[in-house]
Amino acid sequence: MPPVAKVLHAGDPARMDLTQHLRDVPDFPKPGILFKDITPLLGNAAAMRETIARLSRMDFGKVDAIAAIESRGFLFGAPLAVQLGIGFVPIRKPGKLPWKTNRVEYALEYGTDTVEVHQDAVAKGQRVLLVDDVLATGGTMGAACKLIEACGATVAGCAFVIELDFLQGRKKLAGKQVQSVLHF
Ligand code: AMP
């Protein structure tokens, strides 16, 4: 039997325009920021399923665990981990994790912030895929990468649902494999 070419139909998830499930909110949380609101996407099971499917098809080589950043990263990282059949590691703001933690402090526009992970969350030599909803300036993901590497693991890559190309966040992630479902 000759191979049957895959024909995409209008109802095929692969053709779904996921941008239709995002809402732009101007001047949130402060003037000048165009906030990408993912709540319509979260509210639509078919769009969420397709988002997770597209993340799961990204090739980062062997991945042993997914780590995601509080809190919106969790919404995509945990279902992606289930889809890939691997464990999920939460990266959290300080003081939230109950067990012993490793931490990394990083610079914000004004001041600093900190991210933490449980010391036993990732094993030395593991390849960890980091996930977040939006890549903006890359500061948060850069800190998350440092944190995972401080635990002795390797960053397999960084996966985002949305990348704001004009902010050039991937420059901060130089040397890392970066892939995003949607670009603006
Ligand atoms: P970054 O500047 O890459 O460190 O972004 C920090 C965090 O803020 C990301 O994890 C995003 O969840 C969030 N974020 C930044 N810019 C936006 C935006 N325009 N719309 C929605 N979320 C954003």
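The paragraphs below go through the ligand site, the pocket around it, and some backbone features of this predicted model.

The ligand sits in the largest pocket of the protein. That pocket has a volume of about 1300 Å³, and 41 residues line it. Val134, Ala136, Thr137, Gly138 and Thr140 are the lining residues that lie nearest the centre of the pocket. By class, the lining consists of 21 nonpolar, 13 charged and seven polar residues.

Which elements build this lining? Strand 2, strand 5 (101–107), strand 7 and helix 4 each supply at least two residues of it. Helix 4 gives the largest share, with eight residues.

The shell around the ligand can be described in similar terms. There are 13 residues around the ligand, and Asp132, Asp133, Thr137, Gly138 and Thr140 come nearest. Sorted by class, the shell has five nonpolar, four polar and four charged residues. At least two shell residues come from each of strand 2 (34–37), strand 7 (127–135) and helix 4 (139–150). These three elements, strand 2, strand 7 and helix 4, are also among those that supply at least two residues each to the pocket lining.

Individual polar contacts can be picked out next. Asp132 places a polar side-chain atom 2.5 Å from an oxygen atom of the ligand. Gly138 takes part through its backbone, with an N or O atom 2.7 Å from an oxygen atom of the ligand. At Leu34, a polar backbone atom is 3.0 Å from a nitrogen atom of the ligand. As for the ligand surface, 490 Å² is accessible when the ligand is on its own, and the protein covers 80% of that area.

The backbone has some features that deserve a look apart from the ligand. Where are the cis peptide bonds placed? One runs from Phe28 to Pro29, with omega near 0°, and Pro29 belongs to the loop between strand 1 (23–26) and strand 2. Another cis peptide bond joins Glu70 and Ser71, with omega at about -10°. Ser71 is in the loop between strand 3 (65–69) and helix 3 (72–84).

Positive phi values in residues other than glycine complete the account. Asp27, which is not a glycine, has a positive phi of about 60°. The loop between strand 1 and strand 2 holds Asp27, and Pro29 lies in the loop between strand 1 and strand 2 as well. Gln168, likewise a residue other than glycine, has a positive phi near 55°. Gln168 is found in the loop between strand 8 (154–163) and strand 9 (178–183).

Terms used: Residues are numbered from 1 along each chain as its sequence is written. This is a predicted model: local features need pLDDT of at least 70, side-chain atom pairs count only at pLDDT 80 or more; totals for chains, interfaces and linings use all residues. Side-chain values use heavy atoms; hydrogens and water are left out. A residue is near a molecule or strand if one of its heavy atoms lies within 4 Å of it. A polar contact is a pair of N or O atoms within 3.5 Å; within protein, one must be able to donate a hydrogen and the other to accept it, and residues adjacent in sequence count only if both atoms are side-chain atoms. Accessible areas come from the Shrake-Rupley method with a 1.4 Å probe; for residues, only the protein chains shown count as cover. On a 1 Å grid over the protein atoms alone, a cavity is a set of points where a 1.4 Å probe fits but cannot get out, and a pocket is an open set with protein on both sides within 12 Å along at least five of seven lines; lining residues have an atom within 4 Å of a point. A molecule sits in a cavity or pocket if more than half of its atoms lie within 2 Å of its grid points. Helices (H or I, at least four residues) and strands (E, at least two) are DSSP runs, numbered from the N terminus. Ala, Val, Leu, Ile, Met, Phe, Trp, Tyr, Cys and Pro count as nonpolar, Asp, Glu, Lys and Arg as charged, and the others, Gly among them, as polar. Grid points are joined across faces, edges and corners, and a volume is the space filled by probe spheres set on the points.
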